[in-house]
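Here is a quick tour of one model, from its strands to its rings and out to its confidence scores. Have a look at it first, then read on.

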Amino acid sequence: MSAEIPLRNVSRGSAMESLLNADRDALASTMRRLAILGGDAIMEVYRRDGLVVREKHDSSPVTEADEAADKLIAAGLRAGFPDLPLVTEEQSATHDLSVGTFLIVDPLDGTREFVQRRGDFTVNIALVEDGSPTLGAVFAPAKRRLFMTLPEGGAIEETGDLDADRPGDMRPIRVAEPDNAALRVVASKSHRDQATDDYIARYEVADLVSAGSSLKFCLVATGEADFYPRLGPTMEWDTAAGHAVLAAAGGHVVRKETHEPLAYGKPSFRNPFFLAHSPGVILAAE
């Protein structure tokens, strides 16, 4: 494993206890490095002509880029952290999860955006502890935006050249204080439907934008949006890293029906409908 990249130049909150601090630092550094390397592998395929798209058993698309990034990231995490169970989207059929702490990866979130040559796709890597995502890295390689939790709390966005072995410019990110009379809402670009539009219509919305992949969580985390409602199917690997970043930036992700925190480690890895928001958003009663 490459030398650990120091990520302590931004202030953070209290330490988390499930892993030793040294292990958390090493894991955060490894997540960052593998997210960038995975993103670079994706971009190599993205720039080629003649992209081949296959259909998986669930009818979702998969490409060479998904598989290349999955192989690279999984190998790096298993080499560095062999004692942590690992779940990845492209290997999900082999998983029989019965533990509360595990790594979870979506090597290419937003394959439809990737295939259509839109930039809203991401690499997602997260640590789940006792049902909650606590560390996460979300890298949008076409946009050159990297969002990360820090080992002892807080979240950052890193911009610049984004070298896997050398950190670039980092800035702390934090959710915004919303105006419930003029909410900024972000919704799915590829999966938005009438039910989502009807739900959004229950709020006073000043700005409604569409975005793909886990970028929607990150737009709330940076204060560029206030609210991301998801009334469609998602899996835990789709959401864990973005959820971790948003939570570290002061936001919440809750089940739509009960407004209870969205939990992880479900037998099917399938999420219920959820609402991702900054704390000041007044959620509509069910």
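## A strand on the inside

Start with strand β4, residues 102-109. Eight of its eight residues are buried, so the rest of the structure largely encloses β4. Keep in mind that this is a predicted model.

What does β4 pair with? On one count, there's strand β3 (residues 86-88), which runs parallel to β4 and is joined to it by three bridges. Within that pairing, Thr 88 has Val 105 of β4 as its bridge partner. Then there's strand β5, covering residues 122-129, which pairs with β4 over six bridges, this time in the antiparallel sense. Here Ile 104 is matched with Ala 126 in β5.

## Rings and charges

Now for the aromatics. The model has ten aromatic pairs, counting ring centres within 6.5 Å of each other. Take Phe 114 and Phe 121: their ring centres are 5.3 Å apart and their planes meet at 85°, so this pair is edge-to-face, the cut-off being over 60 degrees. Are these two residues buried or exposed? Phe 114 and Phe 121 are both buried.

The two phenylalanines also have company, since ring pairs tie Tyr 46, Phe 114 and Phe 121 together as a cluster. Tyr 46 has a charge to deal with as well: the charged end of Arg 117 sits over its ring, 5.4 Å from the centre. A similar arrangement turns up at Tyr 264, where the charged end of Lys 266 sits over the ring at 5.2 Å from its centre.

## Arg 270 and its contacts

Arg 270 belongs to strand β15, a run covering residues 270-271. With a relative accessible area of 47%, Arg 270 counts as partly exposed, because that value falls between the 20% and 50% cut-offs.

Which residues does Arg 270 touch, leaving aside those up to four places away in sequence? They are Pro 233, Thr 234 and Met 235. Met 235 lies 35 residues from Arg 270 along the chain, yet their C-alpha atoms are separated by 4.5 Å.

## How far to trust it

On confidence, the protein chain has a mean pLDDT of 88, with 87% of its residues at 70 or more. The stretch to handle separately is residues 1-17, where the pLDDT is below 50. In the model, this stretch still has 48 contacts beyond near neighbours in sequence.

How values were computed: Residues numbered from 1 in each chain as written. Predicted model: local features only at pLDDT ≥ 70, side-chain atom pairs only at ≥ 80, totals over all residues. Heavy atoms only, no water. Phe/Tyr/Trp six-rings, centres within 6.5 Å; stacked < 30°, edge-to-face > 60°. Buried < 20%, exposed > 50% of the residue type's maximum accessible area, 1.4 Å probe, protein only. Lys NZ or Arg CZ within 6 Å of the ring centre and 35° of its normal. Helix = DSSP H or I, 4+ residues; strand = E, 2+ residues; numbered from the N terminus. Pairing = 2+ DSSP bridges. Contact = heavy atoms within 4.5 Å. pLDDT = per-residue confidence, 0-100.
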